[in-house]
Structures are given as structure tokens and as C-alpha cells.
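User: Please take me through this protein slowly. I'd like to know what the terms mean as we go.

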Amino acid sequence: MTFINSSHLSRRHLLQAGGAAALFGLGTGTRAAAQTAAKPPFPTTWTFGDVTVTKVVDMLDPFDAARAYPGAPLEAFDQNAAWLVPHFYDPGIKAILFSFHSYVVRTPRRTLVVDTCVGNDKDRKNLKSFNMRKGPYLENLRAAGVRPEDVDFVTCTHFHSDHTGWNTRLQDGRWVPTFPKAKYLFSRAEVDNVQSRVKAGGGDVISYNDSILPVLDSGQAVMVDGDAPVDDGVMIVASPGHTPGHQSVVINSKGRRAVLAGDILHNPIEVLYPEWICLFDQDKNDGIAGRKKFLDAHTDVDITVFAAHFGGPTAGHIVTDKTGKRMFKTA
Ligand SMILES: [Zn+2]
């Protein structure tokens, strides 16, 4: 099996910079309870054979459930409070609870950062809780034993602004890659997606310019076409739906399996109601189709699921309960 390595990919897949492109991001949630990052008792590192997954939090933010799921019967949150409250839904403010975190995937020889969250110093005037942040992400990363210069690879499951922020940091008035030695494994389909959206006059040019373009200009971006092994037991897998170029990371080491599913799922309620229209899906029907496909493949199987925004205990399994309903059972 041929793994991704810097020289291999830099020769074959270096992306040409240029062209305007755009992103869009999440809306602004209410601020209550936003910055109270959960501390352990929850695990922050999980082991799968020779591979570990460590969650590194950038920020937490609630989001109005009615806005996230327009037209959905929101009493479903209360009916499923036993497994949604308190970590995934706040009934007091009727908000779903978003965590914005990276997953650091470590093999015996490589370190991969999956999703780079919101970032600091970013101009996000339309996203109040994201705007001009001064958060402790890099300190949290160091506390997890990772210095930016130690990171071999970075990947974004997709290019919404809450998954690309720490791709870059502000240095002397310029945006530079946060991870100076890393190759950024970008989905070619996602790059094409944002560039075509910009040409069509949509998307968020600002976050493209501050979080994607500087990586392209640096020569550190590497194009990934479809599925690509990263190292022993770690693979990038195309998972279109939420966005056309969405990709997941699959871990399979010594019989232990996990999937880092990005925004295929935003909140565990979608395990039960994958057909709900979700505000954040670029194409609503494609998002639903991608979710259903994922759930069909991951229900009642021994694969630990990590979604990009599940806070609290974070990791879990998709299971069928005694009544035949799907639920997300935290590990
Ligand atoms: Zn997201």
C-alpha cells in the first residue's frame, strides 16, 4: 500500500494557487453557556490499535435548534432528552450544543490534525461568536502534547469556516500556515466546489482568503482525489453530501475501527431523524442522502463514530435500541 508522504504528494498533487473562491459558515448561536469547555471526566484520547485520537477544543457554542432544523418537530429533542441532555441539547434555551474541536490522529510515526475549527483573529462580522477570537487553541494543542511544528499532515473534512480557521494564524499582519512543516491534504472536489461557488457569486470570500489561499500560496497544500491512505491504519475517504467535496478519516488498526465523520452529522438527533432538513448542508437533499448512507453503513457495527461537533463525551456508537429506534450511544 502506498501512503501519502510529503515528497510523493508534493511532486504529484501540489495545487496551483489562484482564483477567488468562497466558503460559508455557521450562523451565530446564542452566547449563553458558550465558553464553558467541558473538562474531563470525559476522555479526550481514544486508542484504536496503534492509532490514537485526541480531541483538542477550540470553542463551544449553542445554536438555535429551530433555525438549524427549519420545519422540524422540535419536541423530538425533549422526547429524546435521556440521551441528548445535557451534552448535545440545552432544553432551557432550545439550542443544540456545538463543540468546535480538532482531532489529532497519531500513528507510531505520523501526526495528523483533522479539522482546524474557527481560529483566532478572523474577520467574521456575520458570525458574531467567531469574530476576532482570541482563544487558547494552540495552548490546548500543546497541552495535548502537540507543537505545531510536529504536525505532519492537516486535513479539513470540508471548507466551511468552522473547519479551516486554524489552517492559518496571523503573523506580522500576514496569514501564514499554523503548521509550518505539514502537508495540508485538501479534497480536490472541495477546492473545486468553493471555487465554483465564488464564480457563481456565493460563499464566503473572506474565509477563503484568510484560511485557504495562504496555504495554497505556501506550497503546503496537496490535492486528494477520493480515497487516500495517510499511514498504517489511517485513511481519508470521500464522503460527499454535506458538501460535494466532504471527506472523512477512517481508522482501522489491529481490528479496532473508528470514523471521523466531519459534518455528515451535526447533532446526534440526526441519527434518529436523518431526513430533517439541516441549515448547514450546502445542498439539503445531498446532505440528507449522505447522512442516510452513512447511518446505513455504521449502525450496529463496532465502529466508533466521532462527529466534528459532538461535545461532552464526544465518541460513540450508532445503535438500534430495544424499540427499534436508532440512537447515538456515547462510549
Ligand atoms: Zn461544521
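User: Which residues in α10 are buried, and what makes a residue count as buried?

Analyst: First, a heads-up: this is a predicted model, so local features need pLDDT of at least 70 and side-chain atom pairs count only at pLDDT 80 or more, while totals for chains, interfaces and linings use all residues. Residues are numbered from 1 along each chain as its sequence is written. Now the rule: buried means 20 or more other C-beta atoms within 10 Å of a residue's own, exposed means 12 or fewer, and partly exposed is in between, with C-beta atoms placed from the backbone. In α10, the buried ones are G287, G290, R291, F294 and H298.

User: How do you know that the buried residues of α10 line one face of the helix?

Analyst: Look down the axis of α10: its buried residues fall within an arc of 100°, so they line one face. The arc is that of the directions from the helix axis to the C-beta atoms. On the face turned away from the buried side you'll find the exposed residues N285 and D296. The buried residues pack against β14 (256-262), α9 (269-272), β15 (303-307) and β16 (316-320).

User: What makes α10 a helix in the listing, and what length would you expect for its 15 residues?

Analyst: Helices (H or I, at least four residues) and strands (E, at least two) are DSSP runs, numbered from the N terminus. The expected span of a helix is 1.5 Å times one less than its number of residues. For α10, residues 284-298, that expectation is 21 Å, and the model reaches 21 Å from first C-alpha to last. Just after α10 comes D300, with a positive phi near 60°.

User: How do you know the length of α6 agrees with the expected one?

Analyst: The 12 residues of α6 (188-199) should span 16 Å, and the end C-alpha atoms are 17 Å apart, which agrees. Its buried residues are E190, V191, N193, V194 and R197. They cover an arc of only 160° around the axis, which puts them on the same side of α6. Among the things covering them are β9 (183-187) and α7 (205-211). G201 follows α6, and its phi is positive, near 85°.

User: Why is K94 called partly exposed?

Analyst: K94 has 15 C-beta neighbours inside 10 Å, which falls between the two cut-offs, so it counts as partly exposed. K94 sits in the loop between β3 and β4. It's not a glycine, yet its phi is positive, about 50°. In general, most residues other than glycine have a negative phi, and most peptide bonds are trans.

User: Where is the cis peptide bond?

Analyst: It joins V85 and P86, with omega about 10°. P86 is in the loop between α4 (81-84) and β3 (89-90).

User: Is F159 buried or exposed, and how do you know?

Analyst: F159 has 29 other C-beta atoms within 10 Å, and the cut-off is 20 or more, so it is buried. You'll find F159 in the loop between β6 (153-155) and β7 (168-171).

User: What makes a group of residues a nonpolar core, and how many residues does the largest one have?

Analyst: A nonpolar core is a set of buried Ala, Val, Leu, Ile, Met, Phe, Trp, Tyr and Cys residues joined through C-beta atoms within 7 Å. The largest has 82 residues, and I96, V105 and A261 have the most contacts inside it. Strand β4 (residues 95-106) gives the most to this core, eight residues. Setting aside neighbours within four places in sequence, I96 is in contact (C-beta atoms, placed from the backbone, within 7 Å) with P62, F63, A65, A68, F88, Y89 and N267.

User: What makes β1 and β2 a pair, and how many bridges join them?

Analyst: Two strands pair if DSSP finds at least two bridges between them. β1 (45-48) and β2 (51-64) have four and run antiparallel, so they pair. One bridge links T45 to its partner T54 in β2.

User: How confident is the predictor, and what is the mean pLDDT?

Analyst: The mean pLDDT (the predictor's confidence in each residue, from 0 to 100) is 89, and 88% of residues reach 70 or more. Over residues 5-38, though, the pLDDT is below 50.

Methods:
Contact = placed C-beta atoms within 7 Å.
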